[in-house]
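Hello,

Here is the structure I promised to pass on to you. Please open it beside this email, and then read on for what I found in it.

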Amino acid sequence: RENVMSQSLIDTAKASILAYNDKNWDAVNTVLTSDIEYDEVATHRKVNGTADVIAAWRGWATALPDSKATFGAAHASGNTAVIELTWHGTHTGPLQMPSGAVPGSGKRIEMRAVQIIGLTPEGKTRTVRHYFDMATMLTQLGIGAVGA
């Protein structure tokens with residue numbers, strides 16, 4: 001029974017990522033709580049509320065229109081799921097950086113990530129802490145070099 005409950009929690013936690021993969025913003029909206037807290041650790045960006053989260057994710061989709069996550073290991077306990085991901089995509093649109101927009105380079109990215117997702121008892125995503133390796137992504141795009 002515990003494995004079934006854990007798998008159900010993991011499937012629920014994956015829903016927003018799958019909706020992002022499809023760039024289905026209506027589906028994203030239905031699986032997030034209205035007061036979602038999204039913490040993108042690598043960029044130091046924290047946003048609250050579905051509209052701001054969707055705007056942040058649309059920014060990534062603009063820079064990497066074909067971006068998708070594939071899933072690795074996943075674990076669940078209580079109302080929290082931890083999911084390993086690998087993000088794949090091609091940088092064809094402007095990537096917003098603190099110094100301004102970086103035009104599309106046509107280069108591919110592949111980077112590992114982890115999301116820690118807090119869910120409500122009703123099965124909606126309430127919190128997301130998203131950890132990924134920004135240095136690897138910037139190096140793959142030719143924007144920066146590790147150790148520079």
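Below I go from the overall picture to a few residues that you may like to look up.

First, please keep in mind that this is a predicted model. The average pLDDT of the protein chain is 93, and 94% of the residues reach at least 70. Among the elements, strand β8 (residues 125-132) has the highest mean pLDDT, 98, while α1 has the lowest, 88.

**Overall picture**

The protein chain contains 4 helices and 8 strands. Read from the N terminus, the order is α-α-β-β-α-β-β-β-β-β-β-α. The C-alpha trace spans about 50 × 30 × 25 Å along its principal axes. A compact globule of 148 residues would have a radius of gyration near 15 Å, and the 15 Å of this protein chain agrees with that. Of the 148 residues, 41% count as buried. The protein chain exposes about 7800 Å², with carbon and sulfur atoms supplying 53% of that area. If you take the contacts between residues at least 6 apart in sequence, 56% of them join residues at least 24 apart.

**Salt bridges**

The structure holds 4 salt bridges, and I would start with R126. Which residues are linked with R126 in a network of salt bridges? They are D35 and E37.

The D35 and R126 side chains meet at 3.5 Å, N to O. D35 sits in strand β1 (residues 32-40) and R126 in strand β8, so this salt bridge ties together parts of the chain that are 91 residues apart in sequence. The other link in the network joins R126 to E37, with 3.4 Å from N to O. That pair also connects distant parts of the chain, since E37 is in strand β1 and R126 in strand β8, 89 residues apart.

Are these side chains buried or partly exposed? D35 is partly exposed, at 41% relative accessible area. E37 counts as partly exposed at 37%, and R126 counts as partly exposed at 25%.

Elsewhere, D66 forms a salt bridge with R108, whose closest N and O atoms are 3.3 Å apart. D66 lies in the loop between α3 (50-63) and β3 (68-77), and R108 in strand β7 (residues 108-119), which puts the partners 42 residues apart. D66 has a relative accessible area of 37% and is partly exposed; R108 is partly exposed too, at 47%.

**A buried lysine**

K14, in helix α1 (residues 2-21), may also catch your eye. How far away is the nearest side chain of opposite charge to K14? It belongs to D11 and is 5.0 Å away. A salt bridge requires a nitrogen-oxygen distance within 4 Å, and K14 has no salt bridge although it is buried. Apart from neighbours within four places in sequence, K14 is in contact with F71 and I83.

**A valine in β2**

Last, have a look at V47, which is found in strand β2 (residues 45-48). Its relative accessibility is 13%, so V47 counts as buried. Setting aside residues up to four places away in sequence, V47 touches I36, E37, Y38, D52 and V53. One of these, E37, is also a partner of R126 in the network described above. The C-alpha atoms of V47 and D35 are separated by 9.7 Å, and the two residues are 12 apart along the chain.

Happy browsing, and best wishes!

Technical notes: Residues are numbered from 1 along each chain as its sequence is written. This is a predicted model: local features need pLDDT of at least 70, side-chain atom pairs count only at pLDDT 80 or more; totals for chains, interfaces and linings use all residues. Side-chain values use heavy atoms; hydrogens and water are left out. Helices (H or I, at least four residues) and strands (E, at least two) are DSSP runs, numbered from the N terminus. Buried means under 20% relative accessible area, exposed over 50%, partly exposed in between (1.4 Å probe, protein chains only). Lys and Arg count as positive and Asp and Glu as negative; His and the chain ends are not counted. Contact means heavy atoms within 4.5 Å. pLDDT is the predictor's confidence in each residue, from 0 to 100. The radius of gyration is taken over C-alpha atoms; the globule rule is 2.2 Å times the number of residues to the power 0.38. Accessible areas come from the Shrake-Rupley method with a 1.4 Å probe; for residues, only the protein chains shown count as cover.
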